Amino acid sequence: MLLLAACRTPVKSGGDGRSGTFKRKTAVKFNGLSRTYRLHLPSTEAPSAGWPLLVMLHGAFNTAAKTEQETGFSEVADERGFLVAYANGIGVFGLLQHWNAGHCCGKAVRDGVDDVAYIDAVIHDAVETCPVDSSRIYMVGHSKGGMMAYRYTMERAGKIAAAAVFAGALDSK
């Protein structure tokens, strides 16, 4: 797999051999380590307005890599022409990852991890790296990732065009 992590050169097109999924680092750190995400670049040429971006938030105890395999969004992105950013929650040694959705449970909540800022950083990095249509940024969250999608859309109203949640509860506070 090619890595774009060391390269900040904007990607102009998926049709130039640079399509695929790449591990990216953000400026946000947790326990001294940069938080990462996976960015899938479609095999299609970027439209003049830029690609739509889908931000995918995995469920608790899952990972971005496993969620990419489970959802099939990368294959759909290649067929339909959009970017997918698979965000990673925090965990232990890359396992048992979860989110601070502002309520409920887990280390991320107890430690006050700023996952809203992390998702901001994921979106910023994708936009800085690739041509993105900023009016077409979407979010999907599963379970605890769905809870995080609710939180993000409430705290960053207007930043994304739409969100879809499956198997995630909304905080009743």
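Here are four short exercises, with worked solutions, on the predicted model shown above.

**Exercise 1. Work out the overall make-up of the protein: how many helices and strands are there, and in which pattern do they follow one another?**

Solution. Start by counting elements: the protein has five helices and eight strands. Next, walk along the sequence, which gives β-β-β-α-α-β-β-β-α-α-β-α-β. Then turn to burial: 47% of the 173 residues count as buried. Finally, look at the contacts with a separation of 6 or more, of which 65% link residues 24 or more positions apart.

**Exercise 2. Trace the six-stranded open sheet and find its edge strands.**

Solution. Lay the strands out in spatial order: β1-β2-β4-β3-β7-β8, with mixed pairing. At the edges you will find β1 (20-30) and β8 (162-166), each of which pairs on one side only. From one strand to the next, the twist averages 20°. Now step inward from the β8 edge: β7 (residues 132-142) pairs with β8 in the parallel sense, over five bridges. Within this pair, glycine 141 has valine 165 of β8 as its bridge partner. To finish, add the helix that packs on the sheet: α5 touches β3 (51-57), β7 and β8, and its direction makes about 140° with that of β7.

**Exercise 3. Decide whether strand β4 is enclosed or open, and identify its pairing partners.**

Solution. Check burial residue by residue: five of the five residues of β4 (residues 83-87) are buried, so the strand is largely enclosed by the rest of the structure. Then sort the residues by direction: Leu83, Ala85 and Ala87 point one way, Val84 and Tyr86 the other, and all are buried. For the partners, begin with β2 (residues 33-41), which runs antiparallel to β4 and is joined to it by four bridges. Here histidine 40 stands opposite valine 84. On to β3, which pairs with β4 in the parallel sense over five bridges. Valine 84 turns up again, as the bridge partner of leucine 54.

**Exercise 4. Describe how helices α4 and α5 meet: at roughly what angle do they cross, and which residues make the contact?**

Solution. Take the axes of α4 (residues 115-129) and α5 (residues 144-155): they come within 10 Å and cross at roughly 80°. That angle makes α4 roughly perpendicular to α5. Now list the contact residues: α4 contributes Asp115, Val116, Ile119, Asp120 and Ile123, while α5 brings Met148, Arg151, Tyr152 and Glu155. Sorting them by character gives five nonpolar, no polar and four charged residues.

Key:
Residues are numbered from 1 along each chain as its sequence is written. This is a predicted model: local features need pLDDT of at least 70, side-chain atom pairs count only at pLDDT 80 or more; totals for chains, interfaces and linings use all residues. Side-chain values use heavy atoms; hydrogens and water are left out. Helices (H or I, at least four residues) and strands (E, at least two) are DSSP runs, numbered from the N terminus. Buried means under 20% relative accessible area, exposed over 50%, partly exposed in between (1.4 Å probe, protein chains only). Contact means heavy atoms within 4.5 Å. Axes are lines fitted to C-alpha atoms, for helices over the stretch in contact, and angles run from 0 to 180 degrees between N-to-C directions. Angles under 35 degrees count as roughly parallel, over 145 as roughly antiparallel, 65 to 115 as roughly perpendicular and the rest as oblique. Ala, Val, Leu, Ile, Met, Phe, Trp, Tyr, Cys and Pro count as nonpolar, Asp, Glu, Lys and Arg as charged, and the others, Gly among them, as polar. Two strands pair if DSSP finds at least two bridges between them.
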